[in-house]
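Trainee: I should like to learn how to read the empty space inside a protein model. May we begin with the structure itself?

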Amino acid sequence: MASRIKTKIGQWMPMIGYHHVLMILSVITIILLSILLAGCSASNSLSKVYLLSLEYKKDYPLSKAPGQVSSAIAHAVHNVSQARNGETFEVRVGYMGICVTQSHTGRICSSNAQVLANLIQTQKYVKNGNTSTETIPDPLNLIMIANEFKEKIVFDGLIYIVVALTFICILLLSTFPGWHEEVDDEGSMRAVKPFPSRPVTWACSLIMVTGFGFGLISILWQHINSSATATMTEMLTYGAVSGHVGGVAMALGWLSVGLISLVALGMLVMILSIQLIMKLTEE
């Protein structure tokens with residue numbers, strides 16, 4: 001069995017060209033960016049792909065920070081945040097949706113913040129059979145903050161452009177000629193691979209360089225905005241809310257940018273190699 005697999009691999013390996021490797025890298029890039037865009041659109045594993053996470057802290061000390069003149073707002077925010085009655089509440093934000101996690105209801109994801117707000121309503125829990133305590137799941141309106149972040153700060157238009165440019169590059173790479181056999185002057189068969197069209201090669205290279213620029217700007221914008229929003233939320237809530245940047249989303253974004261740079265560099269190497277071979281052939 002192993003020998004058959006090795007034989008088949010040996011038969012297919014000569015047919016795999018340099019441009020096929022670039023096409024595979026481009027396909028992987030599109031898949032990674034698609035997963036990044038679809039983050040938080042469903043409550044399954046896609047909820048782990050988020051840009052920003054906001055969560056209420058269970059217990060946090062009220063300490064006076066340097067430069068703080070009045071502690072009235074800090075105490076007010078602390079008292080309001082305790083209306084959750086110790087319930088866990090986390091909001092995750094992606095490009096296309098928001099996920100809310102509660103300790104007693106599980107995780108709910110939706111692209112509409114109002115739907116989530118309607119589902120997370122004020123609930124009353126009866127204690128000792130006589131008295132009831134009103135519990136507000138989201139007293140500081142983290143769902144609203146997450147929606148404002150998604151609608152006004154996050155921008156996914158450049159990522160869609162990168163996906164479109166990468167797909168166009170794949171189509172152009174598919175037009176490159178492959179290996180085929182020809183009869184030489186002596187009547188013997190030999191493997192020949194013609195050079196790809198120079199305009200198509202330059203067009204593909206220009207497309208990937210442009211895609212790399214757009215991708216770098218988009219992911220850098222994503223990283224900076226997520227980090228800044230997480231820090232500012234912690235500061236403005238006086239430590240009642242903790243913000244975290246989504247590691248999986250950042251890894252997908254930067255890995256995609258790295259793959260695009262490899263494809264762009266590979267195209268430039270191909271162009272320079274063809275020019276060098278043609279120059280040596282002419283001489």
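Mentor: Please keep in mind that this is a predicted model. By class, the lining of its largest cavity has 6 nonpolar residues, 2 polar residues and no charged residues.

Trainee: How is such a space found in general, and how many cavities of 30 Å³ or more does the structure hold?

Mentor: Rolling a probe the size of a water molecule over the atoms shows where empty space is left. Here there is 1 cavity of 30 Å³ or more, and the largest cavity contains about 40 Å³ of space.

Trainee: Which residues line the largest cavity?

Mentor: Its lining consists of Leu33, Ile159, Val162, Gly215, Ile219, Ser256, Val257 and Ile260. At least two lining residues come from each of α6 (157–173), α7 and α8 (247–282). The largest share, 3 residues, is supplied by α8.

Trainee: How should I read a helix such as α7 on the outer surface?

Mentor: An α-helix has 3.6 residues a turn, so residues three or four places apart point the same way. In this model, Leu216, Leu220, Ile224 and Trp254 make a nonpolar surface patch of about 330 Å². Helix α7 (residues 198–236) gives the most to the patch, with 3 residues, and Ile224 is found in α7.

Trainee: What span should the 39 residues of α7 have?

Mentor: At 1.5 Å a residue, α7 should span 57 Å, and its end C-alpha atoms are 57 Å apart, which agrees. After α7 comes Tyr238, with a positive phi near 55°.

Definitions and conventions. Residues are numbered from 1 along each chain as its sequence is written. This is a predicted model: local features need pLDDT of at least 70, side-chain atom pairs count only at pLDDT 80 or more; totals for chains, interfaces and linings use all residues. Side-chain values use heavy atoms; hydrogens and water are left out. Patches are made of residues with over 30% relative accessible area and no salt bridge: like charges are joined within 9 Å, nonpolar side chains (Val, Leu, Ile, Met, Phe, Trp, Tyr) within 5 Å. Accessible areas come from the Shrake-Rupley method with a 1.4 Å probe; for residues, only the protein chains shown count as cover. A salt bridge is a side-chain nitrogen of Lys or Arg within 4 Å of a carboxyl oxygen of Asp or Glu. Helices (H or I, at least four residues) and strands (E, at least two) are DSSP runs, numbered from the N terminus. On a 1 Å grid over the protein atoms alone, a cavity is a set of points where a 1.4 Å probe fits but cannot get out, and a pocket is an open set with protein on both sides within 12 Å along at least five of seven lines; lining residues have an atom within 4 Å of a point. Grid points are joined across faces, edges and corners, and a volume is the space filled by probe spheres set on the points. Ala, Val, Leu, Ile, Met, Phe, Trp, Tyr, Cys and Pro count as nonpolar, Asp, Glu, Lys and Arg as charged, and the others, Gly among them, as polar. The expected span of a helix is 1.5 Å times one less than its number of residues.
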